[in-house]
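Colleague: Could we go through this model together, step by step? I should like to follow it with the structure in view.

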Amino acid sequence: MITYHSASAADTEAFARDFAARLRPNDVLAFRGGLGVGKTTFVRGLAQGLGDGSEVSSPTFAIVHEYSCTPRLCHFDMYRIASLDDLYSTGFFDYLETGAILAIEWSEQIEDALPPDVITVYLRRDGEDGRQIIISGGRFE
Ligand SMILES: Nc1ncnc2c1ncn2[C@@H]1O[C@H](COP(=O)(O)OP(=O)(O)O)[C@@H](O)[C@H]1O
Ligand SMILES: [Mg+2]
């Protein structure tokens, strides 16, 4: 397990940028934590760490954004996913084991579909700008 106390959005982004170096192709990152805890901010750092400097925003309406880094990063927002049919339509299952790293916001929505070696990134608010980041599961268990 990895725990980190972030003091600001920039801090979370920098932490994620460094953490990206520990990821491998096919890793699935399941984010947990409510609105505004910093999930998208974390993914922005991941994309930078993996070498994609493009803009990272919440894929709320598109459901998935892909970043052309190595490995490829696929960023999902499952907020509106309510059924297995919905999930199939996102292409989620087609992205698994393609070599891409999957980063999934609102992973609580697809709990039963997550692989057994999923890496959970739990963010918890600690004051206005503080965040507790807890990474567990898979080889971070
Ligand atoms: N320590 C922190 N880490 C991440 N975001 C923070 C932090 N402190 C304040 N923030 C702010 O919280 C918001 C997080 O937004 P976002 O990353 O989109 O969250 P989520 O995707 O979880 O809804 C941003 O406005 C960001 O500036
Ligand atoms: Mg978000």
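Modeller: What follows is a short conversation about a helix, a pocket, a ligand and two single residues.

Modeller: This is a predicted model, in which local features need pLDDT of at least 70 and side-chain atom pairs count only at pLDDT 80 or more, while totals for chains, interfaces and linings use all residues. Residues are numbered from 1 along each chain as written, chains are lettered from A and ligands numbered from 1 in the order written, and side-chain values use heavy atoms, without hydrogens or water.

Colleague: Which residues of helix α1 are buried?

Modeller: In α1, residues 9-19, the buried ones are Asp11, Thr12, Glu13, Phe15, Ala16 and Phe19. Buried means under 20% relative accessible area, exposed over 50%, and partly exposed in between, with a 1.4 Å probe and protein chains only. Helices (H or I, at least four residues) and strands (E, at least two) are DSSP runs numbered from the N terminus.

Colleague: And what covers the buried residues of α1?

Modeller: The cover includes the strands β1 (2-6), β2 (28-32) and β7 (131-136), together with helix α2 (39-50).

Colleague: Changing topic, how many residues line the largest pocket?

Modeller: Its lining has 20 residues, and Gly36, Val37, Gly38, Lys39 and Thr40 lie nearest the centre. The elements that give two or more residues to this lining are α1 and α2. A pocket is an open set of points on a 1 Å grid over the protein atoms alone, where a 1.4 Å probe fits, with protein on both sides within 12 Å along at least five of seven lines; lining residues have an atom within 4 Å of a point.

Colleague: Which element gives the most to that lining?

Modeller: Helix α2 does, with 3 residues.

Colleague: What surrounds ligand 1?

Modeller: There are 15 residues around ligand 1 (each with a heavy atom within 4 Å of it), and the closest are Thr12, Gly36, Lys39, Thr41 and Asp129. A polar side-chain atom of Thr12 is 2.6 Å from a nitrogen atom of ligand 1. For Gly36, a polar backbone atom lies 2.8 Å from an oxygen atom of ligand 1.

Colleague: Where is Ala7 found?

Modeller: Ala7 is in the loop between β1 and α1. Beyond its neighbours within four places in sequence, Ala7 is in contact (heavy atoms within 4.5 Å) with Asp129 and Gly130.

Colleague: Lastly, is Leu84 buried or exposed?

Modeller: Leu84 belongs to helix α3, residues 84-90. Leu84 counts as exposed because its relative accessible area is 51%.

Key: Polar contact = N/O pair within 3.5 Å; in protein donor to acceptor, adjacent residues only side chain to side chain.
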